[in-house]
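Student: Please take one part of this predicted model and go through it closely. I would like a single connected account.

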Amino acid sequence: MQNINVNDFTKEISSAWQGATINKIVTSIILLIVLFVLIKFVTKILGKIVETSKIEKSLKTFINNILKIILYFFGISIVASYIGIDTSSFIAAFSIFGLAISLSIQNTMQNLASGVSILINKPFKVGDSIIIDNIEVVVIEINFMYTKVKNANKDVIYYPNNKIAQSVISNVSEDEYRRIDMTIGASYECDIFKVKEAINEAINRNHNIEKNMNRIVNVLSYDANEITYCIKCFAKNENYFLAKYELTEEIKKVFDERNIQIPYTQIDIHLQK
C-alpha cells in the first residue's frame, strides 16, 4: 500500500497553489463554480428520477446524499488536477481516511448496510405486524440504523437493523387472512364427536371468523387429565385478535350448554375415622 505523509501532502498543495499564476487561480475558481452549479443541476435531475421511483423515502435521501458526495469529490479532484496537485495522492489519502472511518464505526456500517437491504428488499413496511424474537410488534418507522416498532403494551422498541437482518421474521400482514391456532382440553368422559361438534358450533357463531376457508378441529393428543383438541381457522388480519378472544369465550359457553367438562387441577381428600 502506498504510504501517505500528511505533511508532504500539505506541502504539495501549498507548492502547487504558490506556483499557480493569477490567471490559473481565477480560472480554477471559475471552473469550481461551474462544476458546483453543474453538480447541483445533475443531482437535481437524479433526485427527481429517484423520487419518482418506488424506493422508500429513507433510501431516497441516502441515495441523493451519496450521489452528492461522489460528484463533489470528483469536481474537487478535477480542479485540484488543473492547479497541479497530484490527485493520485489526494485519492489515496481520501481512501485511507474512508477506511479508517469505516473500521472505527464497523457496527454502525453493518446497521446501515442492513437498513439499506431492508428498504430495498422490503420484507416488511411501516404498518405491518411482524413476529421477531417470538414477540409480535407493529412497524412504525424504518431508518437506516434501526427499526422502530411497538408491541401490544404500546411500548416503543428500537431494533438495530443488523439484528433484524440476522433474525427470522414472520410478516403476518402480507396476506389478507391470518390463521388462528388454539388448543382446548376436554374430559375423557366426553364423547370426542360431541366435543368437536361443540367447537365447530362456537366457530360458526363467531362472525369474525371466515366460514368459507378451511378449518381443522381434531384431537391433538391424549394427555394425563384431558384430551387436547387443536383448532385452526382463519380471520381477516384486522379482526384476528378479536376473533381469537371471542372464540375462546364462545367455546366455554357452548361447552357449558352441552355439559362438556374442561378438566382442571384438583385435589380430593378422603378422611377416615
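Tutor: Asn259 follows helix 8 and has a positive phi, near 55 degrees. The helix that comes before Asn259 covers residues 240-257. Its length can be checked: at 1.5 Å a residue, the 18 residues of helix 8 should span 26 Å, and the C-alpha atoms at its ends are 26 Å apart, so the two values agree.

Next, the burial of its side chains. The buried residues of helix 8 are Tyr240, Ala243, Leu247, Glu250, Ile251, Val254 and Phe255. Viewed down the helix axis, these buried residues fall within an arc of 135 degrees, and therefore they line one face of helix 8. Among the elements that cover them are strand 6 (177-186), helix 7 (192-205) and strand 8 (227-236). On the face of helix 8 turned away from this buried side sit Tyr245 and Glu249, which are exposed. Helix 8 thus has a tyrosine and a glutamate on each list: Tyr240 and Glu250 are buried, whereas Tyr245 and Glu249 are exposed.

To put the parts together: the buried face of helix 8 is covered by elements including strand 6, helix 7 and strand 8, the face turned away carries Tyr245 and Glu249, and Asn259, with its positive phi, comes after the helix.

Note on methods:
Residues numbered from 1 in each chain as written. Predicted model: local features only at pLDDT ≥ 70, side-chain atom pairs only at ≥ 80, totals over all residues. Heavy atoms only, no water. Helix = DSSP H or I, 4+ residues; strand = E, 2+ residues; numbered from the N terminus. Expected span 1.5 Å × (residues − 1). Buried < 20%, exposed > 50% of the residue type's maximum accessible area, 1.4 Å probe, protein only. Arc of directions from axis to C-beta. Contact = heavy atoms within 4.5 Å.
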